[in-house]
Amino acid sequence: MSTQPRLLPWNGPAGKPCFLVPSEDGKGYLSRLADEMEAVQLRMGTELLGHADALLGNPKAESGELRFLANRLVEALRDALRVADSRGRRIPLPDEDDDEDARPVQARGAWG
C-alpha cells in the first residue's frame, strides 16, 4: 500500500483536485467510494466507445450529434487519464539501490 496521497476521481468545490491520505489498509470508506467511482467512469467510457463506433459508422450522422459525441469523448478521456494518473501515483517506486534503467517513468498529469 502506498503512503502517497491518492488523487480522487472528483474535484473539490473550487474545482481543484481532491486528495486522500488513505488508511493503512487502503479500505476506508472514501477509498472504496473512489474505487467505485473510477470503475463507473471507466465503464461509461467503454460504453461510450461503442456508441461512438456506431455513430461514426453512420454516414448520415448530423453535426450536432457528432459535436455531442466529441464532448462526451473528451469527458471520458479526461476521466480515464485522471484514473491512470491516480493509480500511477500509487505504484511504489523501486529502491534507490535498484538499477536506474529499470525504474518506471512516473509522469504527473495536469493535476499534479
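Buried means under 20% relative accessible area, exposed means over 50%, and partly exposed lies in between; these words are used throughout the legends below, which describe a predicted model.

**View 1. Arg-6 and Asp-35 meet in a salt bridge between strand β1 and helix α1.** The side chains of the two residues come together with an N to O distance of 2.7 Å, and the pair links parts of the chain that are distant, Arg-6 in strand β1 and Asp-35 in helix α1, 29 residues apart. Asp-35 has a relative accessibility of 36% and therefore counts as partly exposed, whereas Arg-6, with a relative accessible area of 3%, is buried. Side chains of opposite charge can pair when their charged atoms come close.

**View 2. The surroundings of Arg-6 include residues from several parts of the chain.** When neighbours within four places in sequence are left aside, Arg-6 is in contact with Cys-18, Phe-19, Leu-20 and Pro-22, with Ser-31, Ala-34, Asp-35 and Glu-38, and also with Ser-86 and Arg-90. A polar atom of the Arg-6 side chain lies 3.3 Å from the backbone oxygen of Ser-31, and Ser-31 is itself one of the buried residues of α1.

**View 3. Arg-87 forms a salt bridge with Glu-38.** The closest N and O atoms of this pair are 3.2 Å apart; Arg-87 lies in helix α2 and Glu-38 in helix α1, so the salt bridge ties together parts that are 49 residues apart in sequence. Glu-38 is buried, with a relative accessible area of 2%, while Arg-87, at 41% relative accessibility, counts as partly exposed.

**View 4. Arg-72 and Glu-75 form a salt bridge within helix α2.** The closest N and O atoms are 2.8 Å apart, and the two residues are separated by three residues in sequence, about one turn of the helix. Both partners are partly exposed, Arg-72 with a relative accessible area of 24% and Glu-75 at 37% relative accessibility. Elsewhere, salt bridges that share partners join Arg-6, Asp-35, Glu-38, Arg-87 and Arg-90 into one network, and the structure holds six salt bridges.

**View 5. Helices α1 and α2 pack against each other and against both β1 and β2.** Helix α1 covers residues 29-56, and its end C-alpha atoms are 40 Å apart, which agrees with the 40 Å that its 28 residues should span at 1.5 Å a residue. Helix α2, made of 27 residues (63-89), reaches 39 Å from its first C-alpha to its last, close to the 39 Å expected. The buried residues of α1 include Ala-34, Gln-41, Gly-45, Leu-48 and Leu-55, and those of α2 include Leu-69, Ala-76, Val-83 and Ser-86.

**View 6. Pro-5 lies in the segment before β1.** This residue has a relative accessible area of 35% and is partly exposed. Not counting residues up to four places away in sequence, Pro-5 touches Phe-19, Leu-20 and Val-21; its C-alpha is 9.5 Å from that of Cys-18, a residue 13 places apart from Pro-5 in sequence.

**View 7. Tyr-29, Leu-30 and Leu-33 form a nonpolar patch on the surface.** Together, the three residues have about 290 Å² of accessible area. Leu-33 is found in helix α1 and, at 33% relative accessibility, counts as partly exposed.

Note on methods:
Residues numbered from 1 in each chain as written. Predicted model: local features only at pLDDT ≥ 70, side-chain atom pairs only at ≥ 80, totals over all residues. Heavy atoms only, no water. Patch = residues over 30% accessible without salt bridge, like charges linked within 9 Å, V, L, I, M, F, W, Y side chains within 5 Å. Areas by Shrake-Rupley, 256 points an atom, 1.4 Å probe, with all protein chains shown as cover. Salt bridge = Lys/Arg side-chain N within 4 Å of Asp/Glu carboxyl O. Helix = DSSP H or I, 4+ residues; strand = E, 2+ residues; numbered from the N terminus. Buried < 20%, exposed > 50% of the residue type's maximum accessible area, 1.4 Å probe, protein only. Expected span 1.5 Å × (residues − 1). Contact = heavy atoms within 4.5 Å. Polar contact = N/O pair within 3.5 Å; in protein donor to acceptor, adjacent residues only side chain to side chain.
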